[in-house]
Amino acid sequence: MKQYGFGVDIGGTTCKIGLFEMNGSLLEKWEIPTNTENGGTAILDDVAEAVLGKMHQKRLTDADVQGIGLGVPGPVGRDGTIFRCVNLGWDVINVEKELGKKTGLYVKAGNDANVAALGEMWQGGGHGHENVVMVTLGTGVGGGIIIDGKIVSGFHGAGGEIGHIKMRDRESGTCGCGGHGCLEQYASATGIVRLAKERLASGDSKSELSSVEELTAKAVFDAAREGDEMAKELVDELCTMLGTALANIASVVDPEIFVIGGGVSRAGEILIDGIREHYVEKAFHVCRPAEIALATLGNDAGMYGCVRLLF
């Protein structure tokens, strides 16, 4: 194992880049804009320039660098082929080969949610465990499954698409995936705000949320902590959905720990305690002891996981 590695987490707006020691120490991190013009043709050139520039600055050679781990917002095949990254403008491209040609370094790619899970397992909320399920609660619901220290990506690279577990049959609203009744429609920041607006519009409850200028997931959780009945019901509904989904996942992969990240996870213990209550109630008895914990690496999780891919 060489001493250094690069973790590159490509997002729709910026690419987060980290220079690491292969023991897991983050030495330096920075961002470059993600240029999605012309079908994202400049993205890998920009990443190569950033990595090679840092190597020149630090006087590192190929003999010092294990490689580049790459996280991308879409399914990644086993050979490094990306099958459509809408946010980047990419159609089908083998990013491992292309970036390898541009840098002369070994490149290993993975889906961004999966590598974030790998990062949390390695140096974050799942540290010390090799069987980890991570759930990210943000605008949508993402996830990653790690079994025996390895990502479960599935045949099409769609393993860990936790947000699209079907939770309700009769749902008129449409998920971003085009389906109906997905977990993402209820357990994301967008989902809890949608449910709150529906409740307020129906006029069936007096709630301080009716006077909130900008209705957000944070506003709902804050109101629940203050005892607002409607907000408490909304949080309980979210936690019921998540607890049920995690219980179903546990029956398939039996993890040691669930790690909860994303913007909604900033709600903290009110969220974790609620999920745990419903999880324990519904989980198969052997799976009930699984821990439920908060993620700790924040937006850096992807970079850490990208470097872990190089193992």
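Q: In which sense do strand 1 and strand 2 pair, and over how many bridges?
A: In this predicted model, strand 1 covers residues 4-10 and strand 2 covers residues 14-21. A hairpin of three residues joins the two strands, and Gly7 has Gly18 of strand 2 as its bridge partner. The pairing sense is antiparallel, and the count of bridges is seven.

Q: Which residue takes a positive phi in the hairpin of strand 2 and strand 3?
A: Strand 2 also pairs with strand 3, in the antiparallel sense and over seven bridges. One of the bridge pairs joins Thr14 to Pro33 in strand 3. Four residues lie between the strands in this hairpin, and the one with a positive phi, near 105 degrees, is Gly24.

Q: How many of the eight residues of strand 2 are buried?
A: Strand 2 pairs with strand 1 and also with strand 3. Strand 2 is described as mostly covered, and its count of buried residues is six.

Q: Is Thr34 buried or exposed?
A: Thr34 sits in the loop between strand 3 and helix 1. Beyond its neighbours within four places in sequence, Thr34 has contacts that include Ile10, Gly12, Cys15, Ile43 and Leu88. Its relative accessibility is 9%, and because the cut-off for burial is under 20%, Thr34 counts as buried.

Q: Which residue has its backbone oxygen 2.8 Å from a polar atom of the side chain of Thr34?
A: The contacts of Thr34 include Ile10, Gly11, Gly12, Thr13 and Thr14. Among these, the backbone oxygen that lies 2.8 Å from the polar side-chain atom belongs to Gly11.

Q: What is the distance between the closest N and O atoms of Lys102 and Asp45?
A: Lys102 belongs to helix 3 and Asp45 to helix 2, with their positions 57 residues apart, and the pair links distant parts of the chain. Lys102 is partly exposed at 33% relative accessible area, and Asp45 is partly exposed at 38%. The two residues form a salt bridge, with closest N and O atoms separated by 2.9 Å.

Q: Which residue of the salt bridge between Lys108 and Glu96 is buried?
A: The side chains of this pair meet at 4.0 Å, N to O, and link strand 7 to helix 3 across 12 residues of sequence. Lys108 has a relative accessible area of 25% and is partly exposed. At 14%, the buried partner is Glu96.

Q: In which helix do Glu198 and Arg194 both lie?
A: The side chains of Glu198 and Arg194 form a salt bridge of 3.1 Å, N to O. Glu198 is partly exposed at 44% relative accessibility, and Arg194 is partly exposed at 23%. They are four residues apart, about one turn of the helix, and the element that holds both is helix 6.

Q: How many salt bridges does a search of the whole structure find?
A: One of the pairs is Lys102 with Asp45, and another is Glu198 with Arg194. Glu28, Lys54 and Lys58 are linked in a network of salt bridges. For the whole structure, the search gives a total of 15.

Q: Why is helix 10 described as largely enclosed by the rest of the structure?
A: Helix 10 runs over residues 301-309. Its buried residues include Met303, Tyr304, Cys306 and Arg308. The helix is largely enclosed because the number of its nine residues that are buried is nine.

Definitions and conventions:
Residues are numbered from 1 along each chain as its sequence is written. This is a predicted model: local features need pLDDT of at least 70, side-chain atom pairs count only at pLDDT 80 or more; totals for chains, interfaces and linings use all residues. Side-chain values use heavy atoms; hydrogens and water are left out. Buried means under 20% relative accessible area, exposed over 50%, partly exposed in between (1.4 Å probe, protein chains only). A polar contact is a pair of N or O atoms within 3.5 Å; within protein, one must be able to donate a hydrogen and the other to accept it, and residues adjacent in sequence count only if both atoms are side-chain atoms. Contact means heavy atoms within 4.5 Å. Two strands pair if DSSP finds at least two bridges between them.
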